[in-house]
Amino acid sequence: MNSRRTKSVFAAVSALAVLALGATACASGDKASTASGSQNAAAANPGGGEKIKVVASTDVWGSVVTAVGGDKVEVTSIIHDPSADPHSYETTASDAIAAKNAKLTLSNGGGYDEFFSKLADQAAGAQKLVAVDIAATGNENEHVWYSLPGVEKIADQVAAKLGEIQPASKDAFTANATAFKGKTQELLKKVTGLGASGGKVVATEPVAHYLLDSAKVADATPPAFAEAVEAEQDVPAAALNQVKQLISGKQVKALINNAQTTTPVTEQVVGDAKSAGIAVVDVTETLPQGVTDYIAWMTKSVDALAGALK
């Protein structure tokens, strides 16, 4: 939602306006803050009792909560539209209401979704989880949803917190988390060692860093290139030329492209890769349109990477 992204612009809402517009927001809702599909279930719990209201900063984390909580949770994902940018999103009145009613919140952290901090403050009685802190990767890269081991830790913490909120369902949450981790383990087995042949890649942004790390794939992207794109700054000519040479000389097997970031530079290198016959693997920061399941989404990413490296 800025010069580097082809996204719509959301209007900022002040804290005072959030309080004043609260009643109106209940009736109207907001597209960016109303969860879609299975992530916004009805409040009635088929198993008895009221569903646990959970607010996640993005639909990626909302999908993880849904996998663990099943039909016992009502999840609102603030960012659930691929055109919305977590880096620059401004909260709305309906976001504040969702947070106020939440029993659990889950944010990414690491500076990725700073908008969520004021929402978490309004969720005075909620349990609060931060993905970056739980994943504890030891790396400054905040895109921890691509760290399968990290996501497993987060699923366990979600199960634990939901169990504290609804003790009668504790075993169900634990079982759901175990089943979820079984699927992530299968993905981890599939991705591990994909780079054993010594193949290199370049990336428009370090979004899939952890996935490449699990695959043992060398990222040959010049740091100056990645840093400039991520910081929305002009890419140094030397760094751009280096990337273009890696591609034109077919010194890399794939270009990992953040499909949610579009600039003239990224479009240029994607075009160069296609012209050179280099595979382009698209990755995203939120779930693609129509996708609500973390495992299905990550499976496509892993399969695309595997295909490119072959």
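Which residues of α10 are buried? Some notes on that and a few other spots, bearing in mind that this is a predicted model.

1. Starting with the helix: Phe 225, Ala 226, Ala 228 and Val 229 are the buried residues of α10. They sit on the same side of α10 because they cover an arc of only 165 degrees around the axis. As background, an α-helix has 3.6 residues a turn, so residues three or four places apart point the same way.

2. Now the other face of α10. Turned away from the buried side, it carries Pro 223 and Glu 227, both exposed.

3. The second largest pocket brings α10 up again. Helix α10, residues 223-230, gives the most to this pocket's lining, with four residues. The pocket holds about 220 Å³ of space and has 14 lining residues. Lying nearest its centre are Pro 206, Pro 223, Ala 226, Glu 227 and Glu 230. So Ala 226, a buried residue of α10, and Glu 227, an exposed one, both turn up in that group.

4. If you care about the chemistry of the lining, the second largest pocket has five nonpolar, four polar and five charged residues.

5. Over to the strands. β1 (residues 52-58) and β2 run parallel, joined by six bridges. One pairing to look up is Val 54, whose bridge partner in β2 is Val 75. Between the two strands the chain passes through helix α3 (residues 59-69), and this β-α-β crossover is right-handed.

6. Last, β2 itself, residues 73-79: the strand is mostly covered, with seven of its seven residues buried.

Conventions
Residues are numbered from 1 along each chain as its sequence is written. This is a predicted model: local features need pLDDT of at least 70, side-chain atom pairs count only at pLDDT 80 or more; totals for chains, interfaces and linings use all residues. Side-chain values use heavy atoms; hydrogens and water are left out. On a 1 Å grid over the protein atoms alone, a cavity is a set of points where a 1.4 Å probe fits but cannot get out, and a pocket is an open set with protein on both sides within 12 Å along at least five of seven lines; lining residues have an atom within 4 Å of a point. Grid points are joined across faces, edges and corners, and a volume is the space filled by probe spheres set on the points. Ala, Val, Leu, Ile, Met, Phe, Trp, Tyr, Cys and Pro count as nonpolar, Asp, Glu, Lys and Arg as charged, and the others, Gly among them, as polar. Buried means under 20% relative accessible area, exposed over 50%, partly exposed in between (1.4 Å probe, protein chains only). Two strands pair if DSSP finds at least two bridges between them. A crossover is right-handed if, with the strands pointing away from the viewer, the path from the first strand over the helix to the second runs clockwise. The arc is that of the directions from the helix axis to the C-beta atoms.
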